[in-house]
Each structure stands twice: as structure tokens, then as C-alpha cells.
Amino acid sequence: MSETTEPSPASDLILYQTEDGKTRIQCRFEDESIWQTQAQIAELYQKDVKTINEHLLNIYEDKELDENSTIRKFRIVRLEGKREVTREISHYSLQAILAVGFRGPTGEALCSAKKRLCQEPVPGRGAKMEVANLK
């Protein structure tokens, strides 16, 4: 796993929302990739975080992906109760996000996520095209 922890002034926070407003997906865009936490991946695929964690563990155990190039820690400030707390949270690259989608029993989760991520292009970036070209 990459030991890099970044405040990320160069990263963009991207929000995708379905037309009905029921699903809102947050992504971090940096170094020409989309990065998400396990919780965000779970929301994307509409699965439990435990399921996403299990898939990621298997992906790395099977050497399908390299942890050093697909996991990155970002410093996140969030509210815990009434306190603002800074935590280093692991984020997973687009490669890992898509690999999780391929682990499901059918391609439905990946197709559904692909539709969500491809609804709006990332201004000046190729992320939409990269995801949209998957078939």
C-alpha cells in the first residue's frame, strides 16, 4: 500500500448524482484517475462495505492489481460527533473500483456504476471516456 499521504491541493472533488437525486456519488480526481474510499465504492455498487472490503482483499491476494499503485491515503477532515477530526483514509484507484465491479456474480453492478460515472464528463479530463469505453 502506498505510504503517500496527501492534503491534495491538486485534486478535484467530483460529485455525480442520478437524475432522480436518490444516488449521489463522490469521487476524488487526481493524477488522471478517480479515487474512492471503500464506503464510496459500496455506494457506487449499492453493496455493503464488508462486501467491497472482501472483494478488494481477494483482488490484492490474487495479485490481480498492485496495492502500491492502486491504493493511496488522503487526509480527510470530517465530523465525528461534534468534533472535527483529521484521518488518513485509504482511497482506491479507478482500476480497483472497476475490478471490484467485475467480481460480482453478474455484470449488472458494473453496468449500473458505469452509467452513474458516465452521466457527466469531468471538465478537461478523460475520466468519462476511460470508463465509458469499457464494454
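**Tour of helix 2 and its neighbours**

Select helix 2 together with what its buried residues pack against: helix 1, helix 3 (67-70), strand 5 (71-80), strand 6 (83-93) and helix 4 (94-102). Contact here means heavy atoms within 4.5 Å; helices (H or I, at least four residues) and strands (E, at least two) are DSSP runs, numbered from the N terminus. The model is predicted: local features need pLDDT of at least 70, side-chain atom pairs count only at pLDDT 80 or more, and totals for chains, interfaces and linings use all residues. Residues are numbered from 1 along each chain as its sequence is written, and side-chain values use heavy atoms, with hydrogens and water left out.

Next, colour Ile52, His55, Leu56, Ile59 and Tyr60, the buried residues of helix 2 (buried: under 20% relative accessible area; exposed: over 50%; partly exposed: in between; 1.4 Å probe, protein chains only). Viewed down the axis of helix 2, these buried residues fall within an arc of 130 degrees, so they line one face of the helix. The arc is that of the directions from the helix axis to the C-beta atoms. Turn to the other side of helix 2 for Lys50, Glu54, Leu57 and Glu61, which are exposed.

Now show the side chains where helix 1 meets helix 2: Gln38, Ala39, Ile41, Ala42 and Tyr45 from helix 1, and Val49, Ile52, Asn53 and Leu56 from helix 2.

Move to the loop between helix 1 and helix 2 and select glutamine 46. Its phi is near 55 degrees, a positive value in a residue other than glycine. Glutamine 46 is exposed, at a relative accessible area of 52%.

Last, select lysine 63, in the loop between helix 2 and helix 3. Phi of lysine 63 is near 60 degrees, also positive.
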